[in-house]
Amino acid sequence: MSLTFWKPGTTGPGSNLDRSAQSEENFLPYAPPKTSSYNASDRLPIYAHRDKLLYAIEKHGVVIVVGHTGCGKTTQLPQYLLQAGWAKDGRVIACTQPRRIAATSVAARVSQELGTSLGQEVGYTIRFEDVSSRENTRILYLTDGMLFREVLVDPLLSRYSVIMIDEVHERSIHTDLLLGILKKIRKKRPALRLIVSSATLDASKFYDYFSEEGVDDAIVLSLEGRSYPVQIAYLEVPIHDYTQAAAEVVYKIVRQGGTGDVLVFLTGREDIELAIQHLRDMLQSYPNVGVDSLPLYAGLTMEEQMEVFQPAKPGRRKVIFSTNIAEASLTIDGIKFVVDCGLVKIRTYNPTTTLSSLSVIPISRASAIQRAGRAGRTSPGICYRLYPMSMFQTLPASIPPEISRSDLLTTLLQLKALGINDLLKFEWVTAPPAETVLRTLERLHSHGIIDDSGQLTRLGEQISEFPVDTSIAKMLLISKDFQCSEEILTIAAMVSVQDVFIHSEGTAGALAELEKRKFTAEEGQDHLTLLNTYNAFIKCGKSSSWCKARSLSFQALSRAISIRSQLKKAGSQMHYEQLLAQQRPVASRWDIQISSRKHGKFSAYNIQHIADFEVQIVSPHPNSVMFRRKPSTGWVVYHEIEETKKIQINVITEIQPDWYASFSRWYAYAKILQGLLNMANYQFRGNGVRRDAGKQMYEGFQSVGYTSYIHEADCHA
C-alpha cells in the first residue's frame, strides 16, 4: 500500500507553523533542528504568565485556564502556588488527573524538579495506592475519583487551599461530579480556590457554569504559545487498514534515519499488538535499525506502562503504540513524531439492558489537536494523520461526556452518600439521560440500597464506604452471613486488578495455559480459580520467580494483596469471620447477572427489568475457564459483560438454580429463575433470539406465581 500525504503550505489544524512544504516527495521528511529534549521551567510558555496567574488566583475564586499542550500547566502551576505560599500552615495544593498513569508520572516529574523524594513534599494518590505523607506533602496529584471519595470523609475538603481540576476536556464522570460538588463547597468555603484547566476547553461553557448572577468570581485566562511547532500531514485518500498504515508510516520514519521517538495512536490492545507485529515483519528486511516497540494501554501493569518514560538506549528509537491514554498530561521525552489513526474506542451504556459496549468512533477535533501536540512537548515535530483533511473538518468538536453514556449505579450511590437526595436539583455540568437515572434508582432500590422514599438504607451507607463498585461491596457485606468473608475478600481483590494470568501467543501461550490449569478449580469456576491462585502465591512466599515460572503477573498479585488489605480495613467494623462456602455469596453478589446455556449457546438475562425483558446471546470470554467447558446445571453467574464484536461474559462461576431459593430476601429472584427454566425452550430460533422471547418469559413468570418483580423481594441485608 502506498501512503500519500498532503502537506499544507499554510498553518494546519493543531500547528502554529506557517511554512511551505519542504519536500516534493510523498512522505514528509523529518526536518526540525536538533534540540535538547529537556525544557528548563523558565523556558516553558506558562512562565511568562506566572504573575498574571497568581494574581488571578488571589482575586478570583474560580480560574479557568486554557493552554496548549506542553505549556507547563500541570507541572508548573502547582509549583508557582507552592512558592507563593498557598501551602503554608499544613495546607495542600491538589491537582486531579483523569488517569492513574498521569497522576503518578506527573508527580514523579514535579518531585524531581523540586529535588525532593516522591511521597514527601510531592506525592500522589490513586486507587489502592497512596504515595504521600499526611504531614509533609504539599503538592498532591490524585485521580479525580480519589478526590471525590475524599469528599465522603471530609465534605468541605478542608485540608486543601487550591484544587486544580486538570484535563477537564476529557469530561470523565468524576470530573463532572467534582465540578458540581466544588461549586457547592465554595459556597461554604469561599476561600477555597478552584482552577479548571485543559488544552482544549470550551471556556465559555465553564465560565457560565461558575458565574453567579451579580457575582464576578470566575475568570478565564488563555496561555498562548506552544514550546515547539508541529507540522501536520494528512493522507490524500482514506484507508481501511489503519493498523497496517500506521506500521508503514513508522517504518518509513525509521528508514529515513535521524533522531526522535514515535508515538502512534490506535484504538485498543488488539490494534496495538497487530501494528507492533506488522512493524516487526517490515523491519526483518532492515535489521540494522534499532527500534524498541512499546505498548501503552490501560490493561498493562503500572510497571509496564512506566517503561514508556525510560529514555531510549543509545543507537535505538522508541516507538510507542498507545490508546488515547497518552493524549493528555503525559510528558514522554523525545517524541518528535505522532501517527494518529483518527479513531477512538469509547464505552457506551444501555440503561434498558444494563449492557456496556465498546465502540470505535472517529475522534473529536479537540482530541486530534491534543494528539498532534504530543509531538511538540519537548522539541519540534510532525503529526501524520491517517485520514484526509476533509475528514478532520467533519469531526465533532468534542466527544459526549462520560456521564451521558455510562452506568451510574456507583455514581448515584456516592451522591446519595453525600446527602444529595434530590438529583434533579444537583447542578450538573451536563445532566445525565433521565432514563439512565430512573433505571439506576430502580436498581438501587432492588438492591436494598435506597428505601421507598429514595433515602440511603443502612446497607447503602455501608456499601458507600467501600472503595469498590457497588455490587462487589454488597457481596462483601453479604459474605458475613455465609461465614466466608476471608475467601470473598480475596475474590473481590482479585477481580479488582488486571488479569493475573499472562496471556501470550504461540508456544508461550500454550505453556501459560497449562500453568493456569494447575490453579483451575475442578468445577471449572473462574472465581475459585482466582482464589486458588492467590492462596498459592501467599503459600509460596509471594515470590516473583515463582510467578514468572507459572506465567503469573507478580505485580498484579502483589497489588491484589494490597487491595485485599484495604478492603478488610474498610470492612473491619463488619466483624468478618473466616470459614468456608464461597459460591453462594458470589451468586448473591451477581444476583442480576445470570446466564443459561441451551443448544450450545449462552444467553444472558437482565432480570432487573422484567416488564421489558431482553435476552442476549453471549459467549464466554477466551480467558475464562468456562470457555471450553459446559456447565452441568446450565446456569452461571459472571462478573463482567461487554460488547465488542460480540457480547462476551468473563469471570464465570457455575451455580445451582435452587441456591437462590435459600435466600429469603431473594425469594422473588428464585421465582424468576424458575420462570427462566420453564421457558428455556422459547429462547432460540435457529442461531438468533426470538423477538417475542421477553413476552413469553414474562408469561412464564406469571405461571409460577410471579406478579411483582421488585416489591416482593425482601432486600434487607
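These legends accompany several close-up views of a predicted model.

**Figure 1. An overview of the predicted chain.** Before zooming in, take a look at the whole protein chain, which has 23 helices and 24 strands. Of its 717 residues, 58% are buried. Now think about contacts between residues at least 6 apart in sequence: 74% of them join residues at least 24 apart. Salt bridges are present too, and the structure holds 20 of them. Several of these salt bridges appear in the views below.

**Figure 2. The second largest pocket.** This view opens onto a space of about 910 Å³. There are 27 residues lining the pocket, and those closest to its centre are Thr 125, Asp 130, Met 146, Glu 150 and Val 153. Which elements give two or more residues to the lining? They are strands E4 (122–126), E5 (129–131) and E6 (139–143), together with helices H4 (144–153) and H20 (554–570). Helix H4 supplies the largest share, five residues. The lining is a mixture of eleven nonpolar, six polar and ten charged residues. Two domains take part, since domain 1 (42–223) and domain 3 (466–583) each give at least three residues to the lining.

**Figure 3. Helix H15, a covered helix.** How many of the ten residues of helix H15 (residues 470–479) are buried? The count is ten of ten, and the helix is described as mostly covered. Read along the helix and you will meet Thr 470, Ser 471, Ile 472, Ala 473 and Lys 474 among the buried residues. Met 475, Leu 476, Leu 477, Ile 478 and Ser 479 are also on the buried list.

**Figure 4. Ser 496 and its contacts.** Find Ser 496 in the loop between helix H16 (485–495) and helix H17 (506–517). Is Ser 496 buried or exposed? Its relative accessibility is 16%, so Ser 496 counts as buried, the cut-off being under 20%. Setting aside neighbours within four places in sequence, Ser 496 is in contact with Arg 127, Phe 128, Val 468, Ile 472 and Ile 563. One of these partners, Ile 472, is a buried residue of helix H15, the helix shown in Figure 3.

**Figure 5. Val 254 and its contacts.** Val 254 belongs to helix H7 (residues 242–255). With a relative accessibility of 4%, Val 254 counts as buried. Which residues does Val 254 touch, not counting those up to four places away in sequence? The contacts are Leu 283, Val 289, Val 291 and Arg 317. You can also look for Val 319 in this view: Val 254 and Val 319 are 65 residues apart in sequence, and their C-alpha atoms are 9.5 Å apart in space.

**Figure 6. Asp 176 and Arg 171, a buried salt bridge.** Side chains of opposite charge can pair when their charged atoms come close. Here the side chains of Asp 176 and Arg 171 form a salt bridge, with an N to O distance of 2.7 Å. Asp 176 counts as buried at 3% relative accessibility, and Arg 171 counts as buried at 10%.

**Figure 7. Lys 183 and Glu 427, a bridge between separate parts of the sequence.** The closest N and O atoms of this salt bridge are 2.8 Å apart. Lys 183 lies in helix H5 (residues 173–188) and Glu 427 in the loop between helix H12 (409–417) and helix H13 (434–446), so the pair ties together parts that are 244 residues apart in sequence. Lys 183 is buried, with a relative accessible area of 9%, whereas Glu 427 counts as partly exposed at 28%. Leaving aside neighbours within four places in sequence, Lys 183 is also in contact with Tyr 209, Phe 210 and Glu 212.

**Figure 8. Arg 371 and Glu 327, another salt bridge.** An N to O distance of 2.9 Å separates the side chains of Arg 371 and Glu 327 in their salt bridge. Arg 371 is part of helix H10 (residues 365–373), while Glu 327 sits in the loop between strand E13 (317–322) and strand E14 (335–340), so this pair ties together parts that are 44 residues apart in sequence. Both Arg 371 and Glu 327 are buried.

**Figure 9. A network of salt bridges.** Which residues are linked in this network? Arg 109, Glu 113 and Asp 333 are joined in it.

Definitions and conventions. Residues are numbered from 1 along each chain as its sequence is written. This is a predicted model: local features need pLDDT of at least 70, side-chain atom pairs count only at pLDDT 80 or more; totals for chains, interfaces and linings use all residues. Side-chain values use heavy atoms; hydrogens and water are left out. On a 1 Å grid over the protein atoms alone, a cavity is a set of points where a 1.4 Å probe fits but cannot get out, and a pocket is an open set with protein on both sides within 12 Å along at least five of seven lines; lining residues have an atom within 4 Å of a point. Grid points are joined across faces, edges and corners, and a volume is the space filled by probe spheres set on the points. Helices (H or I, at least four residues) and strands (E, at least two) are DSSP runs, numbered from the N terminus. Ala, Val, Leu, Ile, Met, Phe, Trp, Tyr, Cys and Pro count as nonpolar, Asp, Glu, Lys and Arg as charged, and the others, Gly among them, as polar. Domain bounds come from an automatic or database domain assignment. Buried means under 20% relative accessible area, exposed over 50%, partly exposed in between (1.4 Å probe, protein chains only). Contact means heavy atoms within 4.5 Å. A salt bridge is a side-chain nitrogen of Lys or Arg within 4 Å of a carboxyl oxygen of Asp or Glu.
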